[in-house]
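Thank you all for coming; I would like to take a few minutes to walk through one model with you. Please have a look at it first, and then I will go through its fold, one serine and the cysteines.

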Amino acid sequence: MFGFHKPKMYRSIEGCCICRAKSSSSQFTDSKRYEKDFQSCFGLHETRSGDICNACVLLVKRWKKLPAGSKKTWNHVVDARAGPSLKTTLKPEKVKTLSGNRIKSNQISKLQKEFKRHNSDAHNGFVE
């Protein structure tokens, strides 16, 4: 065994250069080997480089095996793990209101105690 091999990375500070995932159950690798295929595989209009997660590597390998002339791309993966988008952060939250039949917390605790009492072993006929 070699003691000088590169340690496996399961987290990346910048994230995957394709999907922006910052952690993965499989390791991150350098993207230099796959960068020439990014534009066709993921439908990118700009160049990207850095760490790439194993899931995106597998997509590139799957893309390479597609029949000639296929127009399939994995552009839905691009920046999918980047976090909340502007679209979701700018939407106002809908607040649900409860109808007039609100149950107070003391009523809930009374109901819970009653439920526990009726479901205890003493009331179910179990004898030890």
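I will begin with the overall picture and then turn to single residues.

This is a predicted model, in which local features need pLDDT of at least 70 and side-chain atom pairs count only at pLDDT 80 or more, while totals for chains, interfaces and linings use all residues. Residues are numbered from 1 along each chain as its sequence is written, and side-chain values use heavy atoms, with hydrogens and water left out.

The protein chain has five helices and three strands, taken as DSSP runs numbered from the N terminus, with helices being H or I of at least four residues and strands E of at least two. Along the sequence, these elements come in the order β-β-α-β-α-α-α-α. Of the 128 residues, 21% are buried, where buried means under 20% relative accessible area, with a 1.4 Å probe and protein chains only.

Let me now turn to the core. The largest nonpolar core, a set of buried Ala, Val, Leu, Ile, Met, Phe, Trp, Tyr and Cys residues joined through side-chain atoms within 4.5 Å, has 21 residues, and C16, I18, F38, F42, I52 and C56 are those with the most contacts inside it. The elements giving two or more residues to this core are α1, β3 (51-53) and α2 (54-64), and the largest share, five residues, comes from α2.

Where does S31 sit? S31 is in the loop between β2 (23-30) and α1 (38-42), and it counts as buried because its relative accessibility is 0%. Its side chain makes a polar contact of 2.8 Å with that of E35, a polar contact being a pair of N or O atoms within 3.5 Å, where within protein one must be able to donate a hydrogen and the other to accept it, and residues adjacent in sequence count only if both atoms are side-chain atoms. The S31 side chain also reaches the backbone oxygen of G50 at 2.9 Å. Beyond its neighbours within four places in sequence, S31 is in contact (heavy atoms within 4.5 Å) with C17, F38, S49, G50 and I52.

Finally, the cysteines: how many disulfides does the structure hold? There are zero, a disulfide being a pair of cysteine sulfur atoms within 2.5 Å. C41 is unbonded because its closest cysteine sulfur, in C56, is 8.6 Å away, too far for a bond. C53 is likewise in no disulfide, and the nearest cysteine sulfur, that of C56, is 3.6 Å away.

Definitions and conventions. Buried means under 20% relative accessible area, exposed over 50%, partly exposed in between (1.4 Å probe, protein chains only).
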